[in-house]
Amino acid sequence: MEDATQHPLQSCPQCGCADLFIRKDFPQKLGLLIVVTAGITFLVLAANPHTFYLGAWALVAAVLVDALLYCFVPKITICYRCRAEFRGIPINPTHEGFELSIGEKYRNG
Ligand SMILES: [Zn+2]
């Protein structure tokens, strides 16, 4: 059996839809965890004037970690119609990020 997963997708293998978009596979929960942790750290440290600057640095660190994470997360291809996510395949250069106008087309189907 030929391994078709190494070719960029032209259409969705699950539903045959030709409209696909590219998104960063950002771990939402991890991103949220970093923000929440930094927020709590800031509140605790900022309560004391002596450690206020440390709290500010915690926020800066959180932003940097998030940005760094964003740089390293892989891109994935997603189907507009069935919302199937395809990881580990080459990105088709003709595909772009999510477009609302195309998304509306498949919203109820
Ligand atoms: Zn599909």
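Which helix is Leu54 found in? I looked that up before anything else, and the answer is α2, which runs over residues 52–72. A reminder to myself: this is a predicted model.

**Leu54 and the patch**

I checked the accessibility of Leu54 next. Its relative accessible area is 39%, so I put Leu54 down as partly exposed. Leu54 also belongs to a nonpolar patch on the surface. The other members I noted are Tyr53, Trp57, Val60 and Leu64, and the patch comes to about 550 Å².

**Helix α1**

Then I turned to α1. With 19 residues at 1.5 Å a residue, I expected a span of 27 Å, and the end C-alpha atoms do sit 27 Å apart, so the two agree.

Which residues of α1 are buried? I found Gly31, Ile34 and Ala38. These take up an arc of only 60° around the axis, which means they lie on the same side of α1. I looked for what covers them, and α2 is among the elements that do. On the other side of α1 I listed the exposed residues: Gln28, Lys29, Leu32, Leu33, Ile40, Leu43 and Val44.

**Salt bridges**

How many salt bridges does a search of the whole structure find? I got five, and I wrote up three of the pairs.

The pair of Glu85 and Arg23 has its closest N and O atoms 3.1 Å apart. Glu85 is in strand β3 (residues 85–86) and Arg23 in strand β1 (residues 20–24), so I have a link between distant parts of the chain, 62 residues apart. Both ends turned out partly exposed: Glu85 has 38% relative accessibility, and Arg23 has 30%.

Asp25 and Arg87 also meet in a salt bridge, at 2.7 Å from N to O. I placed Asp25 in the loop between β1 and α1 (28–46), and Arg87 in the loop between β3 and β4 (96–97), so this pair too ties together parts 62 residues apart in sequence. Buried or exposed, what is Asp25? Asp25 comes out at 19% relative accessibility, and the cut-off for buried is under 20%, so I count Asp25 as buried. Its partner Arg87 is partly exposed, with a relative accessible area of 46%.

For Glu104 and Arg107 I noted a closest N-to-O distance of 3.3 Å. Glu104 is partly exposed at 41% relative accessibility, whereas Arg107 counts as exposed at 57%. Which residues do shared salt-bridge partners join into one network? My list reads Arg23, Asp25, Glu85 and Arg87.

**Val73**

I found Val73 in the loop between α2 and β2 (75–79). Val73 is buried, and its relative accessible area is 11%. What does Val73 touch, leaving out residues up to four places away in sequence? I got Lys24, Asp25, Phe26 and Pro27. Asp25 is the residue I had already logged in the salt bridge with Arg87. I also checked the C-alpha separation of Val73 and Lys24: it is 6.5 Å, although they are 49 residues apart along the chain.

**His95**

His95 is in the loop between β3 and β4, the loop where I had placed Arg87. His95 is buried, with 12% relative accessible area. Neighbours within four places in sequence aside, I listed its contacts as Leu9, Gln10, Leu20, Ile22 and Thr77.

**Arg83**

What is phi of Arg83 near? I read a value near 60°, which is positive in a residue other than glycine. Arg83 lies in the loop between β2 and β3. Arg83 is partly exposed, with a relative accessible area of 45%.

**Ile102**

My last stop was Ile102, in helix α3 (residues 100–105). Its relative accessibility is 22%, so Ile102 counts as partly exposed; the cut-off for buried is under 20%. Setting aside neighbours within four places in sequence, I found Ile102 in contact with Asp19 and Tyr80. I also looked at Ile102 and Phe21, which are 81 residues apart along the chain: their C-alpha atoms are separated by 9.7 Å.

Note on methods:
Residues are numbered from 1 along each chain as its sequence is written. This is a predicted model: local features need pLDDT of at least 70, side-chain atom pairs count only at pLDDT 80 or more; totals for chains, interfaces and linings use all residues. Side-chain values use heavy atoms; hydrogens and water are left out. A salt bridge is a side-chain nitrogen of Lys or Arg within 4 Å of a carboxyl oxygen of Asp or Glu. Helices (H or I, at least four residues) and strands (E, at least two) are DSSP runs, numbered from the N terminus. Buried means under 20% relative accessible area, exposed over 50%, partly exposed in between (1.4 Å probe, protein chains only). Patches are made of residues with over 30% relative accessible area and no salt bridge: like charges are joined within 9 Å, nonpolar side chains (Val, Leu, Ile, Met, Phe, Trp, Tyr) within 5 Å. Accessible areas come from the Shrake-Rupley method with a 1.4 Å probe; for residues, only the protein chains shown count as cover. The expected span of a helix is 1.5 Å times one less than its number of residues. The arc is that of the directions from the helix axis to the C-beta atoms. Contact means heavy atoms within 4.5 Å.
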